[in-house]
Amino acid sequence: MHSPMEQFEIKRLLHLNLFGIDASFTNSSTWMVIAVILATAVFVWGMRQRALVPGRLQSVAEVGYEFVAGMVRDNVGDGGKKYFPFILTLFIFILFCNVLGMVPYSFTPTSHIVVTFAMAAFVFVGVTIIGFARHGMHFLSLFVPKGVPFALLLLLVPIEIISYFIRPFSLSIRLFANMLAGHTMLKVFGGFVVMLGIIGGWAPLAFIVVFTGLELLIAFLQAYVFAILTCLYLNDAVHLHH
Amino acid sequence: MLRSIYGALAGLAVLVASGTAMAKEGSGGMPQLDYHSFAPQLVWLAIAFLALYFVMSRLAVPAISDTIDRRQAKIQGDLDAAEKANEDTRSLVAAYEKRLADTREEARKHMRERGEADSAAAAARLQVLHDKLAAQIGEAEKRIAAQRDDVMAGLENMAKDIGQDVYAKLAGQPADQAALAAKIAVAKGGR
């Protein structure tokens, strides 16, 4: 009986060393590259005709584009256009990694905290830099809620500061934990199917079928949540709104 | 804000719970916490993400936004053309209707003029005919008057003859011509 966590093991397929850094090509790297290639296929090869009346693949690319464009427009508004390619890349990368993780025998790069945290930390640092670049020291007013009595501010400002610095953690752990929990659950119930055999194994098998559908939804939803929270953080930095 | 804190706490709970569970099982813990695997993952995340960012920002986004803009322009152009065609048709119909009304008016005018001319000509002809008839009637009346005068003259002579004859028979002597003529003139005047 394999451990449910075994599926998350990083296997080095090709040992590489870049300036003393371990840059081995692993199973995680494989699926990242596959995600990038498939996304490129949809968004570049699918758009090769640039038809006024889109075909199937072009429609997929345009729907994805419009979806993220609408998200950026609604949540960041003016001044968000510059960051749209980044948000689109973020959404598509996470979505493809999550969904490809549902393919049997594949690997889910986003089920590793280091990957999700790297993305979340990049967003956090980037948003903070944008905030200070646009508003200077005035950006700190983000931590001071408007129209609150001074006595309450003593309490609220620390809470605001803590909630600001917890952003990269909540953002990364949400995605990582969802992927981890879903895949572990599927593996555990897969183990039940084997354990209960041909007589009792049908019940967990039926559960797996239903849960796979739910996992596909979560795969999309977590990519969406990651992207929309990035938009909201960006909105804070661009417009200083609360 | 609060929701993200809850999310972070829930995630941490899952992380810690599964991590400790694995540790108890003695299978070496979560692969996610194996820091030896961090470097290759981060290196390849950077490579993959940068590659996708390059593809998206340089190729996909311009292609899609260009296509959407062109589609929008085409739709707008078609709508404008349709609007213009509609406008043209409307003005053509208006011109046609105006022309039709003008023609109808002109035809009516022509008809009226023709009618007036016709009736004037007819009146002239009628006048000619009238004059001619009047002349003929006048001539005929003159003729009748002449004949009557002739007849009256004959009648006077006849009356004179008859008077002479009657007087001669009754009186046995010829009548006085002058007295007879006076009597006849009186009788004629009395009539």
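User: What makes up chain A in terms of helices and strands?

Analyst: In this predicted model, chain A has seven helices and four strands. From the N terminus on, the order is β-β-β-β-α-α-α-α-α-α-α. The C-alpha atoms of chain A fill a box of roughly 65 × 50 × 45 Å along the principal axes.

User: How do you know which residues of chain A count as buried?

Analyst: Count neighbours. A residue is buried if 20 or more other C-beta atoms lie within 10 Å of its own. Of the 242 residues in chain A, 38% are buried.

User: What share of the contacts in chain A joins residues at least 24 apart?

Analyst: Take the contacts between residues at least 6 apart in sequence. Of these, 63% join residues at least 24 apart.

User: Why are α2(A) and α3(A) called oblique to each other?

Analyst: Start with the angle. Helix α2 (residues 56-75) of chain A and helix α3 (residues 84-100) of chain A pack at about 125 degrees. Their axes are 10 Å apart. Now set the angle against the cut-offs: 65 to 115 degrees is roughly perpendicular, and over 145 is roughly antiparallel. The value of about 125 degrees fits neither class, so the pair is oblique. The crossing of α2(A) with α3(A) is right-handed.

User: Which residues make the contact between α2(A) and α3(A)?

Analyst: From α2(A) come G64(A), Y65(A), V68(A), A69(A) and V72(A). From α3(A) come F84(A), I87(A), L88(A), F91(A) and I92(A). Nine of the contact residues are nonpolar, one is polar and none is charged.

User: What makes G64(A) count as polar?

Analyst: The rule for classes puts Gly among the polar residues. G64(A) is on the α2(A) side of the contact, so G64(A) counts as polar.

User: Now chain B. What elements does chain B have?

Analyst: Chain B has three helices and zero strands. The order from the N terminus is α-α-α. Of its 191 residues, 10% count as buried.

User: How many residues does each chain bring to the contact between chain A and chain B?

Analyst: Chain B brings 44 residues and chain A brings 48. On the chain B side, α1 (2-25) and α2 (38-171) each supply at least two residues. Helix α2(B) gives the most, with 27 residues. The chain B side divides into 29 nonpolar, 10 polar and five charged residues.

User: Why is Y167(B) called partly exposed?

Analyst: Y167(B) has 16 other C-beta atoms within 10 Å. Buried needs 20 or more, and exposed needs 12 or fewer. The count of 16 falls in between, so Y167(B) is partly exposed. Y167(B) sits in helix α2 of chain B. Y167(B) and L180(B) are 13 residues apart in sequence, and their C-alpha atoms are 9.5 Å apart in space.

User: Where does UniProt place the "transmembrane region" of chain B?

Analyst: An unreviewed UniProt entry lists residues 42-61 of chain B under that name. In the model, this span is 100% helix and 0% strand. Its end C-alpha atoms lie 26 Å apart.

User: Where does UniProt place the "coiled-coil region" of chain B?

Analyst: The unreviewed UniProt entry gives residues 79-150 of chain B. The model makes this span 100% helix and 0% strand, with the end C-alpha atoms 105 Å apart.

Definitions and conventions. Residues are numbered from 1 along each chain as its sequence is written. Chains are lettered from A and ligands numbered from 1 in the order in which they are written. This is a predicted model: local features need pLDDT of at least 70, side-chain atom pairs count only at pLDDT 80 or more; totals for chains, interfaces and linings use all residues. Two residues are in contact if their C-beta atoms, placed from the backbone, lie within 7 Å. Axes are lines fitted to C-alpha atoms, for helices over the stretch in contact, and angles run from 0 to 180 degrees between N-to-C directions. Angles under 35 degrees count as roughly parallel, over 145 as roughly antiparallel, 65 to 115 as roughly perpendicular and the rest as oblique. A crossing is left-handed if the near helix is turned anticlockwise from the far one by less than a right angle, and right-handed if clockwise. UniProt positions are given in the numbering used here, feature names are shortened, and annotations may be inferred rather than shown by experiment.
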